[in-house]
Amino acid sequence: MQPQSQAGPRTLLSRFTALTDAFAYPLRTSHYLELVNPLWTTHALQAKVVSVWDETADARTITLKPGRNWRSHRPGQHLRVGVPIGGMHYTRTYSISSAPESEDETFTITVKAIGGGRMSHHLVRNIKPGDYLPIGVPQGDFYLPDANPVEPLFISAGSGITPIMSMLRSMVAQERLPHVTHIHYAPHTYDVIFGQELQALAAKHPRYQLHLIYTREPGETASQKRHFNPEILNSLCPDWGTRDTWACGPQGLLDTVEAHWHQAGVARQLRTERFRAQVAAAPKEVTAGTVRFTASGVTAASDGVINLLRLAEDQGLNPPHGCRMGICHGCDAKLTAGCVRDLRTNALLNEPGAIVQICVCAAAGDAELEV
Ligand code: FES
């Protein structure tokens, strides 16, 4: 028998707000609801910080309760998180580290403070329970398929563990953990995010084979040997070429992994997730210059390497942006004069009126942008 449809609390609230929107014009009821409880808004998705937990000295897990319009993630996906700092609004993308099977309608992100990372430092040091953060919906195609892979290989380094952790937790929650080989790199034993949980998982489930490799621990092996290389891969996972593989970590690791899979003709079995845009090696001579942000009347000196978004923010500007890695086009701005360089390809752009993704472009000499 088909269940009869019933108007749940959310449906009733939606009907009510549809009615009251007419009286709230030019705002919407959602704007007033935000004053009562930011999680009730519909015009912008927000999440409340429920708890924080320090995983390592510089990595913190933040548990978030999302508001209305949230939809759960697939294990491995990421989302955008906004944070106001000093009157400016910054956005970054973080992988979700919890499994979607959570029963309390919360999810977690795990943030590692990176050198020069304004927002990651703020999230790791200053965010506290009770704070509200604007968030986006889960995105990305780095996730487990509905049918679990038979024998996946996971390769991760540093905070690249976060989407992999979501996958592992989800497979455990579903009691469908297959034979997994997991190679994880960290500088030292004390730097391993989720270290205890991973080791406990390996101890409890013989099907989960964990190989922790410390790249900066003193030992017999030369430091160079401890980074990813084909010999280590062959010895830890001889059948890697037949496995579905997920890799997440810094650019150096992913570049090497991708090249190796490509060379072996099995690139289709590899999925990678990057936290930053894949930038090309800078040309031997980069051209410094002066950048004029015409809409705000601000001028800044550029070394020809710093991306234009960061350059603008360092001047106290707050250009709209999203992913900061050349994907979403949330930072598009018009080039009105001069020349910029795409940091991913080193291609030069000097056509007035051209649209520039300022998060992945730097000035190449003098430039003017409508920012
Ligand atoms: S912020 Fe997403 S493309 Fe620049």
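This passage describes residue H182 and the sheet around it in a predicted model.

The sheet is open and is built from 5 strands. Their order is β9-β8-β7-β10-β11, and the pairing is parallel. Strands β9 (208-214) and β11 (270-273) stand at the edges. Each has a single partner strand, so one side of each is left without a neighbour in the sheet. From one strand to the next, the twist averages 15°.

Strand β8 covers residues 180-186 and contains H182. Strand β7 (residues 153-157) pairs with β8 in the parallel sense, over 5 bridges. Within this pairing, I155 stands opposite I183 in β8. Helix α5 (residues 195-204) packs on the sheet. The helix touches both β8 and β9, and its direction makes about 140° with that of β9.

The surroundings of H182 were examined next. The relative accessibility of H182 is 0%. Buried means under 20%, so H182 counts as buried. Leaving aside residues up to four places away in sequence, H182 touches F154, S156, I161, I164, L168, L198, Y208, Q209, L210 and H211. One of these contacts is polar: the side chain of H182 meets the side chain of Y208 at 2.8 Å.

The contacts can also be placed on the sheet. F154 and S156, both touched by H182, belong to strand β7 (residues 153-157). Y208, Q209, L210 and H211 are also touched by H182, and these residues fall in the edge strand β9 (208-214). L198, another contact of H182, lies in helix α5 (residues 195-204).

Conventions
Residues are numbered from 1 along each chain as its sequence is written. This is a predicted model: local features need pLDDT of at least 70, side-chain atom pairs count only at pLDDT 80 or more; totals for chains, interfaces and linings use all residues. Side-chain values use heavy atoms; hydrogens and water are left out. Helices (H or I, at least four residues) and strands (E, at least two) are DSSP runs, numbered from the N terminus. Buried means under 20% relative accessible area, exposed over 50%, partly exposed in between (1.4 Å probe, protein chains only). A polar contact is a pair of N or O atoms within 3.5 Å; within protein, one must be able to donate a hydrogen and the other to accept it, and residues adjacent in sequence count only if both atoms are side-chain atoms. Contact means heavy atoms within 4.5 Å. Two strands pair if DSSP finds at least two bridges between them. Axes are lines fitted to C-alpha atoms, for helices over the stretch in contact, and angles run from 0 to 180 degrees between N-to-C directions.
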